[in-house]
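Hi there,

Here is the structure I promised to pass on. Have a look at it first, and then read on for what turned up.

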Amino acid sequence: NYIPIDITPCKDGRGELKYSLNSINYRAYYSKITPSDWVLITSIERKEVTLPILSHLLIYLLAIIVLSVLLAIVMDRFFSKRFADPLIELNRRVQSLISGDINPGVPYSYSNYEAAMIASNIEKIASEALKAEKTKLNILADNSFDIITMMSPDGTILYESKATKRI
């Protein structure tokens with residue numbers, strides 16, 4: 001009742017045999033016991049071997065995927081705090097300097113010392129450049145013979161050149 005599919009003989013009367021019985025694939029291993037000339041045959045259904053291996057591989061693969069996702073989340077949080085947050089704060093401070101706010105607020109308090117130092121130096125350079133530009137504009141406006149007046153949107157006078165007082 002069995003249909004041999006493949007027989008692989010080995011040395012010393014040992015070998016393996018693949019066969020199908022009632023549409024189920026089997027694998028058998030045989031070996032000859034020398035003193036008695038008996039043949040010992042061990043047969044096992046193929047899925048009994050492959051299913052546990054595949055299920056373990058699937059479990060390990062899922063565990064690796066879950067651990068990878070958790071590690072990615074932890075690294076994202078860590079690097080966000082360490083690198084992105086100081087750079088976002090630096091951008092906010094530079095934008096406030098560009099808009100004219102020379103004193104942007106409290107000093108940096110991030111754990112990334114290098115990013116905080118770079119941010120402080122950039123802020124210092126931008127602040128000094130803004131002060132130098134304002135000084136240059138004040139010198140030009142004060143020495144101009146034209147009347148120069150700066151007003152806020154509500155009409156408050158923010159700056160008047162010296163030519164205004166001379167006239």
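The buried residues of helix α1 are P86, E89, L90, R93, S96 and L97. Please keep in mind that this is a predicted model.

Helix α1 itself covers residues 46-98, which makes 53 residues. At 1.5 Å a residue, a helix like this should span 78 Å, and the C-alpha atoms at its ends are 74 Å apart, so the two values agree. The helix does have a bend, though: about 45° at S80.

Another part of α1 to look at is L70, which is located in this helix. With a relative accessible area of 48%, L70 is partly exposed, because that value falls between the 20% limit for buried and the 50% limit for exposed. L70 also helps to make a nonpolar surface patch of about 840 Å². Its partners in that patch are L58, L61, L62, I65, V66, L67, V69 and I73. As a general reminder, an α-helix has 3.6 residues a turn, so residues three or four places apart point the same way.

Now for the aromatic rings. How many aromatic pairs does the structure hold? There is 1. The pair is formed by Y19 and Y26, whose ring centres are 5.3 Å apart. Their planes meet at 15°, so the pair counts as stacked, the cut-off being under 30 degrees. As for accessibility, Y19 has a relative value of 13% and therefore counts as buried, whereas Y26, at 21%, is partly exposed.

Happy browsing, and best wishes!

Definitions and conventions:
Residues numbered from 1 in each chain as written. Predicted model: local features only at pLDDT ≥ 70, side-chain atom pairs only at ≥ 80, totals over all residues. Heavy atoms only, no water. Helix = DSSP H or I, 4+ residues; strand = E, 2+ residues; numbered from the N terminus. Expected span 1.5 Å × (residues − 1). Bend = angle between axes of the 7 residues up to and from the residue. Buried < 20%, exposed > 50% of the residue type's maximum accessible area, 1.4 Å probe, protein only. Phe/Tyr/Trp six-rings, centres within 6.5 Å; stacked < 30°, edge-to-face > 60°. Patch = residues over 30% accessible without salt bridge, like charges linked within 9 Å, V, L, I, M, F, W, Y side chains within 5 Å. Areas by Shrake-Rupley, 256 points an atom, 1.4 Å probe, with all protein chains shown as cover. Salt bridge = Lys/Arg side-chain N within 4 Å of Asp/Glu carboxyl O.
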